[in-house]
Amino acid sequence: MEWREFGEAMAQLARKLLAQDSVQGTLDEIAASAVRLVEGCDAAGILAVRKGRAVTLSACGDVVEASDRLQGEFAEGPCFDLAARADGENGERVFRIPDMTEPQPSWPRYGDAARDLGIGSMTGVLLYTHD
């Protein structure tokens, strides 16, 4: 996508987000927009960690809830770690795993399980913090 197209897509996204009638609608539009706008993205979701448990706030794609459930069960994974440590521990705001077939030393159990789900790559982005 060229920069001009990207800028137009972001402007449209901003208008769509502002037009939502609820927080849930906004979360759902964020997840759907990730699939629509990010080349190669087949599924997207929003995970929160509440009282140490993973909670799927929005899911666009069948694999999202299963992935979130596994991250919660193992208490590890890119999205779980970002959400659980939203206080900015280690300053991480984005995790990018370009190839899930490679060993994942930070998330060994989740990495194996994600491969079994058919996840080939993954990005976790911290959407907000308590700051």
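Here is a quick tour of a few local features in this predicted model.

## The β1–β2 hairpin

Start with strands β1 and β2, which cover residues 44-50 and 53-60. The two run antiparallel and are paired through seven bridges. Together they make a hairpin, with two residues sitting between the strands.

Look at the turn and you'll find K51, whose phi is positive at about 55°. Where the strands face each other, R50 sits opposite R53 of β2. As a bit of background, side chains in a regular strand alternate between the two faces of the sheet.

## Helix α3 and its surroundings

Next up is helix α3, made of the 12 residues 63-74. Does its length add up, or what span should we expect? At 1.5 Å a residue, α3 should span 16 Å, and its end C-alpha atoms are 17 Å apart, so the two values agree.

Which residues of α3 are buried? They are V64, A66, S67, D68, L70 and Q71. The cover over these buried residues includes both hairpin strands, β1 and β2, along with α4 (78-84), α5 (108-117) and β4 (122-125). Just past the end of α3 comes A75, which has a positive phi of about 50°.

## A nonpolar patch on the surface

Finally, head to helix α1, which takes in residues 3-19 and holds M10. M10 joins W3 and F6 in making a nonpolar surface patch of about 360 Å².

Is M10 buried, exposed or partly exposed? Its relative accessibility is 31%, so M10 counts as partly exposed, a class that lies between the under 20% of buried residues and the over 50% of exposed ones.

Technical notes
Residues are numbered from 1 along each chain as its sequence is written. This is a predicted model: local features need pLDDT of at least 70, side-chain atom pairs count only at pLDDT 80 or more; totals for chains, interfaces and linings use all residues. Side-chain values use heavy atoms; hydrogens and water are left out. Two strands pair if DSSP finds at least two bridges between them. Helices (H or I, at least four residues) and strands (E, at least two) are DSSP runs, numbered from the N terminus. The expected span of a helix is 1.5 Å times one less than its number of residues. Buried means under 20% relative accessible area, exposed over 50%, partly exposed in between (1.4 Å probe, protein chains only). Contact means heavy atoms within 4.5 Å. Patches are made of residues with over 30% relative accessible area and no salt bridge: like charges are joined within 9 Å, nonpolar side chains (Val, Leu, Ile, Met, Phe, Trp, Tyr) within 5 Å. Accessible areas come from the Shrake-Rupley method with a 1.4 Å probe; for residues, only the protein chains shown count as cover. A salt bridge is a side-chain nitrogen of Lys or Arg within 4 Å of a carboxyl oxygen of Asp or Glu.
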